[in-house]
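Dear colleague,

I am handing over the structure we spoke about, with the sequence alongside. Please open it before you read on, since my notes follow below.

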Number of protein chains: 2
Amino acid sequence: MGANGLSESEKNRITVEIYGQQYTIVGQESSDHIREVAMVVHNKMKEIGKRNPSLSTNKLAVLTAVNAVHEYILLKEKVEQLENQVKELEQQLKSREVD
Amino acid sequence: MGANGLSESEKNRITVEIYGQQYTIVGQESSDHIREVAMVVHNKMKEIGKRNPSLSTNKLAVLTAVNAVHEYILLKEKVEQLENQVKELEQQLKSREVD
């Protein structure tokens, strides 16, 4: 989210609360999407904070980002695998048409 | 990452530096994966910090997590769309076999 070439009027400006702090998030995404993202981050921070009560909020937030990027990379591998599967199936279909 | 039922000997314990702070990350993932994740988080924090130089490290880390979760949710939608595409193609292939 952030600058994306849309005019200001096309952007949503939403204030959300994450782990006791307020953040104003600007983006072209819907308010619902932004609120969902904020809720996921808030819940992740709460969960990691519960397991590691001695962590500073700062380290907690970084570890939350680490966790999210870790899951993102795993999901990206899944996307690549699915894209290959789609390609293979499309080729199989095409070869059947030729038969 | 974190507790996952593996014995300690099967876990990797890696110390990485993110935005000037050291973090010890424990997980079943390879050291390479953990280092890649740390590097992505570090670079994201640097990028967001450059655009918003007045942000505290704390808020910067939370916004980095927001950014990562946002991208994760977009990717998840892509996974669902690809999974549907695979299902559809498999059905098309199956119906050709019946013909």
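A residue is called buried here if 20 or more other C-beta atoms lie within 10 Å of its own, exposed if 12 or fewer do, and partly exposed in between, the C-beta atoms being placed from the backbone. By that rule Tyr19(A), with 20 C-beta neighbours inside 10 Å, counts as buried. Please keep in mind throughout that this is a predicted model.

Confidence

The model scores ipTM 0.81 and pTM 0.80. Chain A has an average pLDDT of 87, and 89% of its residues score at least 70. Among the elements of chain A, the highest mean pLDDT, 94, belongs to helix H1 (residues 31–51), while the lowest, 89, belongs to strand S2 (residues 21–27). Over residues 2–6 of chain A, however, the pLDDT is below 50, and beyond near neighbours in sequence this stretch has five contacts in the model. I would ask you to read that part of the chain with this in mind.

The fold of chain A

The secondary structure of chain A comes to two helices and two strands, and along the sequence these follow the pattern β-β-α-α. Buried residues make up 26% of the 99 residues in the chain. If one takes the contacts in chain A between residues at least 6 apart in sequence, 23% of them join residues at least 24 apart.

The two strands, S1(A) and S2(A), pair in the antiparallel sense over seven bridges. Two of the pairings can be followed residue by residue: Arg13(A) has Val26(A) in S2(A) as its bridge partner, and Ile18(A) stands opposite Gln21(A) in the same strand, S2(A). S1(A) and S2(A) form a hairpin with two residues between them, and Tyr19(A) lies in the loop that joins them. What is unusual to look for in the backbone at Tyr19(A)? Although Tyr19(A) is not a glycine, it has a positive phi of about 50°.

The other chain can be read in parallel here. Tyr19(B) is found in the loop between S1 and S2 of chain B, has a positive phi of about 50° although it is not a glycine, and counts as buried because it has 20 C-beta neighbours inside 10 Å.

For a contrast, you may want to look at Lys46(A), which has its place in helix H1 of chain A. Lys46(A) has 13 C-beta neighbours inside 10 Å, and so counts as partly exposed. From C-alpha to C-alpha, Lys46(A) and Gln28(A) are 27 Å apart in space, with their positions 18 residues apart in sequence.

How the two chains meet

How are the two copies related? A rotation of 180° with 0.0 Å of shift along its axis superposes chain B on chain A, with an RMSD of 0.0 Å. The two copies are therefore related as by a two-fold rotation axis. In chain B, the C-alpha nearest that axis is the one of Ala65(B), which is 2.0 Å from it.

In the interface, 39 residues of chain B are in contact with 39 residues of chain A. On the side of chain B that touches chain A, the elements that give two or more residues are strand S2 (21–27), H1 and H2 of chain B, and the largest share, 29 residues, comes from H2(B). By class, this side of chain B has 23 nonpolar, eight polar and eight charged residues. Since 100% of the interface residues of chain B are also interface residues in chain A, the copies meet through the same surface.

The core

The largest nonpolar core has 38 residues, of which Val41(A), Ala65(A), Val41(B) and Ala65(B) touch the most other members. The elements that give two or more residues to this core are, in chain A, strand S1 (12–18), H1 and helix H2 (57–98), together with strand S1 (12–18), helix H1 (31–51) and helix H2 (57–98) in chain B. Which residues does Ala65(A) contact, once its neighbours within four places in sequence are left aside? They are Val41(B), Ala61(B), Thr64(B), Ala65(B) and Ala68(B).

With best wishes

How values were computed. Residues are numbered from 1 along each chain as its sequence is written. Chains are lettered from A and ligands numbered from 1 in the order in which they are written. This is a predicted model: local features need pLDDT of at least 70, side-chain atom pairs count only at pLDDT 80 or more; totals for chains, interfaces and linings use all residues. Copies are superposed by least squares on the C-alpha atoms of residues with pLDDT of at least 70 in both. Two residues are in contact if their C-beta atoms, placed from the backbone, lie within 7 Å. pLDDT is the predictor's confidence in each residue, from 0 to 100. Helices (H or I, at least four residues) and strands (E, at least two) are DSSP runs, numbered from the N terminus. A nonpolar core is a set of buried Ala, Val, Leu, Ile, Met, Phe, Trp, Tyr and Cys residues joined through C-beta atoms within 7 Å. Ala, Val, Leu, Ile, Met, Phe, Trp, Tyr, Cys and Pro count as nonpolar, Asp, Glu, Lys and Arg as charged, and the others, Gly among them, as polar. Two strands pair if DSSP finds at least two bridges between them.
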